[in-house]
Structure formats: C-alpha cells, structure tokens
Amino acid sequence: MNMNNKSPPKSIGVLTSGGDAQGMNAAVRAVVRTALHQGAAVYAIYEGYQGMVDGGERIRLQSWDDVGSILHRGGTIIGTARCAAFRERAGRLRAAHNLLRHGIDRLVIIGGDGSLTGADTFRREWPGLLAELLESGQIDEQTARAHPALMIAGLVGSIDNDMVGTDMTIGADSALHRIVEAIDAIASTAASHQRSFVVEVMGRHCGYLALMSAIAGGTDYVLIPESPPPEGWEEQMCGLLRQGRIAGRRDSIVVVAEGAQDRAGNPISCDYVRQVLQERLDEDTRVTILGHVQRGGTPSSFDRWMSTLLGFAAVQEVLSATPDSEPQLIGIRQNRIQRVPLMQCVEQTRAVAQMIGEQNYARAMELRGGSFTEMFDVFKAIAEASPSVTATTRPRRLAIIHAGGLAPGMNSAVRAAVRFGRDRGLTLLGVRGSFEGLLAGRIEELTWGDVEGWTGLGGCELGTNRHIPSVEELYAVARAIETHQIEGLLVIGGWMAYKAAYQLHCERDRYPAFKIPIICLPATIDNNLPGSELSVGADSALNAIVGALDRVKQSAMAAKRCFVVETMGRYCGYLALMSGLAGGAERVYLHEEGVTLKDLQAEVEHMVDAFHTGRRLYLTIRNERANAQYTTDFMCALFEEEGRGLFDVRRSVLGHFQQGGNPSPYDRILATRLAAHCISFLSEQLASGSADGAFIGLVEGKVTLVPLGRMSEMVDWTHFRPKEQWWLELRPVVQTMAQSIATEA
Ligand code: ADP
C-alpha cells in the first residue's frame, strides 16, 4: 500500500429513473454542484438504470457548467427509462462493473418506489456482485477492496406525491400547477355555457393531486381512491351540484382521481360520472382527461427550491455514509429536510396501495397522514356547505377585513371563511376597503353566491390598504363594531393587519367593543409575520419572481450580462433568498445579513473572474431594503465600472408585479385551510362566551394558534419581521450552488 497517496476523491453517481417529474433537473444540478463543492467526483448516469447497465458514454463525469441553465426545464435532462435488464441479477452485475470503472460506490437515485426498491436490491447484492466480478477477473482485488459497499440515498421523483416519508415528492407541486391552470380554464368555458365538466387527474393509488386540485380549483366534488364516497354518492353529488346552480353557480366541476373507486372496490370512471350527471341533472356534461400535460412544463418555484435542498442533503448523506449505514430517503417534512430509512418508506407506501386494494380505507387515510385527512375534511365541509342555510336562532355576526399590501390568495381565504361560516349558521360580513371602509360603514353581508369563483381570483375583492386606525380613530372603530353588531373579527392581511389587530387587543380595557374574539390570518407576499412559517401569497410571489428570472436570463443570452434583480419583502429577505435558490442566483443580499463594501468587492472580483472564464450571465438578487446606502443603483454602477466593459449590467426592479397574478395552488390551499381553522376558532369562542385573540399559522407543517398578546415578544418591530426566521438556515445552500470551485475533480 502506498502510504503517501492521498485517498482518491469519492465518486458519486446520480440518475433519474421511472416516470419523469418537473424538478428532477434542479435535484441533479444540486447533486452535481454540492458534490463538486465537497471535492467529490460526480457522474451523471444517463437514461436511468439502462445507462448504468450499458455504461460507456452513458456514464459521464460532470463539471459545474454541465448543469448550468437547467433549473427552468421540465422533465430530466439526463433522461429516464424503464429498464427490464436491471430487474435481473445479470443486468445489475453489468451495472456494478460499469460503476466500478469510474470508482463509483455512492449513488443518488431520483425516482419512484420502483426505482428505489431496485436501488436497495442492488445495494444488498453489491458484495456478491463484486465477488463474482473478481472471480471472473473483470475487476482486480484492489478495486474490490476499495469499494466494499454501495452507499445510496433516494429522492422521490413522482408527480403523484404518493410516497410515505416525505410531505412532497419532486414534481407534485408543478403537476398541481398544471392541473389547476386547466381547471381554471375549464371553469371559464363551463361558466359561459353553464356546463358540467368531469376532470380526470393522475396519481395512481394516491388522491393527493385530485384532492388538492379540487380545493385549489374550487370544484364541487372529488373522488379519491383512499376515501371512496358513501353508498348513494351519485345522488349526493347531484344534489350538491343542483344546489350550487340554484345559488348562482355557473360552472360545475367534478374531479376524479385516476384510481378512484367505490366502497366495494369497483373503479369509478369519468365516463360513469358524466353519465350520472347527464341523466340525473339533464346537463350537458364533458369529460377532460388531463393525462401527460400534468408532467410537462416548467417546474414551479417550490419544485426548484425543494429539489435543490434535497439534492444538497443527498450528497451530504452519501458522502458521510459508511458501509454499514442504512440507506436513507431524503424527503421534506414540515418544510425541513428529513432522512428516513429508505425501505421503511417504500414498504409503507406499498401498504397504502394494499389497504386500498383490501378496502381498508380508514387505515389508508391514516397512512396518508394527518394533513391529508384534514384537507379532505376541509374540502367536504366547504363543498357540502349548504348555500341556503337558515339559522334557527339569531345568527352570530362575524366580520372579515383585510389590511396591508395585496397578497394573492386573499380571495380564496374569504371564500372559504364565508362558506365554512355560513355552514355553521353564522352571518359573515365583508368590510370593503379595509379599516377606512369599516369607519365609513362599507360593510355588507356575504352570501354563498357572493364568493362564488373567488378561489382562484387574483387581487382582493374586498379591497385592502395599509392605512390602519390611529389612536384618535379607535373610538370610531369601536362605534363601528357596535353599530354593525360585529361579534367576532377575522383579519386577513400582512404586517399592518397584525398591527391593527394587536392594537385593538391591547386597547380592549379602554374600549369594551374590542372585547370580541379576533383572529389574524397571515396573507402577505413578504412572509414576514409571526407565528407562521409561510403566509398566503408568498408562494405566488415566488412563482412570479422565478418566472421573471427565467425571462431575464433568456434575455441575457444575447450578450454577456450581469443582472441585479430587486425583490420586495421590506426588511424580510424571504423572497430574495428563496427566489435565489429557485432561480439560480450567484449571490443574494439580505437585510438580515447586511451588506458591506467588502462583500461587494469580493463579488465584483468573483464576477469578473466568472466572465473571464466564459460565463455569459451572472445573477444577483437583492432584497429591496438590504442596505439603505448600497442601493440597487449603486450596486449596478459599481459592477459596471469594475467590469470595465467585460459585461453589461442591468437592473430589474420587479415591484408590484410580485403581488399580481392569480394565487398559486399552494396559496389557495393554505388560505382555505387556515380560513377553515379561523372560523372554527371564532365560532368556538362565541359558543363559549370567551373573547380571546389569536394569530394563526403553520408551524412545522401544523396549523397553530398563538395568543394575540404574545405578538410583541415575537417580532422585531423596527424591521417588521419575526425574531425567528426558519429559512435563514438555507443560506449555505445558495452559496454552495453558486460557488464555482475546482471542477476538474
Ligand atoms: P418508479 O420508480 O417511478 O416507481 P418503475 O417502477 O417503473 O418506476 O421503476 C423504474 C425502474 O426501476 C424499472 O424500470 C427498473 O429498471 C427499476 N426497478 C423497479 N423495480 C425494481 C426491482 N424490484 N428490482 C430491480 N429494479 C427495479
């Protein structure tokens, strides 16, 4: 043994296998760049396991630039395939031999449960395969000794979101985007003709896409495999659709998961649903099967940043693995990266399919997890909310008010609150024009039909602005609450909404009218509110920013160009950091970190080096308030001057573009979920005679309520942001994706 020799770099292989999914490219890019950053050699294995079995040109060493400009592309640039040969030991023997030619004994597999099972079989057989290769003289003893084990990490690439062990699979969010775009389009044509539509969505045994698109699309009925409808569902469905029509609904849409079945296990086809609607409602009914459209198109911003995090973590996993390590699935749970034993996830995933097959639906729902069941209940409550509930006693009166900047998804929240609230026998009042509207008495009752079609509507139908009551106006606010007999308040909005609610809460001893239950629902693109890891609107804004970055990047193809893009967020860097992750920025500037001249100098040097070595585009993202002196204009001038003609510099201030557009599926779902909980909170408060205040949010994936009185201790009032911000820990990932170091490994 040569004691002087440094150990050779570790070699990692990455492949995509099984069905393709949007976001796989982001994961491949992250694997390659993280590996290079860690000094490992990294190979892309083209065409899934087929490439591993074939070897040769299909296993290629990757450099930094090989995975440049792929974030926005759908599918997988390294190809995927189904490979029969890999199912046989002989195929896996060839695959092992091909990997060993490059010293690869660490693999990141991006695929579905089939691909991950194949990987695990391969791993278990590895020592036996090596022994056979050694015996037949295809490898030497040194090679066999150097690679005693295969270490693997799995990422789930599947639009179906069907894997236990991760809250989201790569591609599911983008597929949801495609489906919801289609449902929005169908809704407008259906409304024009007062038609009914039956829409079939993918998902095999999993009803995730169907359920979530039904919520986000505001449809009337959904059929999912895990929870077949009760006996006589046909009449129930027709009854709901009939009631909706009477209340003024013009489009009727039923979403059917491809694996939908009845309680006896018989498949429910779209055609059957169409027939039922046509016969019983005498309505012109059309079927749309969305098919492969759902796999296509550009990945959503979530699929880009989540897949980047997963790829980053998978490399850490395989590089730190030892021959005895249990293989892990790297997934996302409650917005955090999580490792779970791979085969445990595969087995539980198969168990769900088996439970459905055995008609053990309760267990299947249980295995899908708490939030799936919760969302199914929310959907049913909203869909089955009767348009014409008449309360027997005097209905309690709740008002809904917005404040703060516009956030896509505000309308979705109002719709859900109204439908949910009316179903509970409450009267829902909408305040038009924020607190100014309250003072001016612009308050009206909202009926079931009034909020029809609001789920996917951008903007804010009730109106919102940043004006909140001054101390002098509090008396008038109290009067307005009394005059309109408002017994509870749902405040949907951003920082100003929270501030106003907190103010009312603090002044309740002085103004008895404020002694009513008040709840705040976070809705701001800035994502700067306490008590919630995500606010409604932030995902839509991120998608808007990432879409803009794609265009900006394309426009730069003609010349060598540096772009400085400024995002909103006030003092909160969430949009800047996450769009940097999802959009592939070289550098992100946040107020939380501050900006120094030294930083700018280091960046200029890095930029100049990059352009000298052939780069054509350099992207810097800057939060609007990252630094009061080093403004976007200042940075552009500095870069231009120091670039000395080597490249152009352009600024792009995205501005209100980020607040516009229709809400993303995620924002619609989040808004609906939180609004349902808000109504429950308020009606419970009313029922028990208490008048507590709270703000609601998602904390580690769970809906959580925090007493309003705690707001002060949780926020940084000067900078309008929470003291704790979970996403700040993702900063090293941006740096890893951007720093080009020795690529010759
Ligand atoms: P997915 O990974 O999306 O579930 P498949 O089940 O089609 O898709 O699997 C993709 C590929 O993974 C297969 O074509 C095959 O090469 C490999 N594979 C799947 N299951 C196994 C298995 N049990 N043993 C070995 N290889 C497998």
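## Ligand shell

In this predicted model, 15 residues surround the ligand, and R82, C83, G112, G114 and S115 come nearest; a residue is counted as near if one of its heavy atoms lies within 4 Å of the ligand. Helix α4 (residues 113-135) contributes the most to this shell, with five residues. Helices here are DSSP runs of H or I with at least four residues, strands are runs of E with at least two, and both are numbered from the N terminus. By class, the shell holds three nonpolar, eight polar and four charged residues. In this scheme Ala, Val, Leu, Ile, Met, Phe, Trp, Tyr, Cys and Pro are nonpolar, Asp, Glu, Lys and Arg are charged, and the others, Gly among them, are polar.

Local features require pLDDT of at least 70 and side-chain atom pairs count only at pLDDT 80 or more, whereas totals for chains, interfaces and linings use all residues. Residues are numbered from 1 along each chain as its sequence is written, and side-chain values use heavy atoms, with hydrogens and water left out.

## Polar contacts and cover

Polar contacts with the ligand are pairs of N or O atoms within 3.5 Å. A polar backbone atom of G112 lies 2.9 Å from an oxygen atom of the ligand. A backbone N or O atom of G19 is 3.4 Å from a ligand oxygen atom, and an N or O atom in the side chain of R87 is 3.4 Å from a ligand nitrogen atom. The protein covers 84% of the 540 Å² of accessible area that the ligand has on its own, as given by the Shrake-Rupley method with a 1.4 Å probe.

## Largest pocket

The largest pocket encloses about 1,100 Å³ of space. On a 1 Å grid over the protein atoms alone, a pocket is an open set of points with protein on both sides within 12 Å along at least five of seven lines, a cavity is a set where a 1.4 Å probe fits but cannot get out, and lining residues have an atom within 4 Å of a point. Volumes are the space filled by probe spheres set on the points, which are joined across faces, edges and corners.

The lining of the largest pocket comprises 44 residues, with D167, M168, S371, R673 and G701 nearest its centre. Helix α22 (residues 665-688) supplies the largest share, six residues. The lining divides into 22 nonpolar, 11 polar and 11 charged residues.

## Cavities

Four cavities of 30 Å³ or more are counted, and the largest has a volume of about 90 Å³. Its lining has 13 residues, of which D220, L240, I382, A383 and W448 are closest to its centre. Helix α8 gives the most to this lining, with three residues. The lining contains six nonpolar, three polar and four charged residues.

Note on methods:
A polar contact is a pair of N or O atoms within 3.5 Å; within protein, one must be able to donate a hydrogen and the other to accept it, and residues adjacent in sequence count only if both atoms are side-chain atoms.
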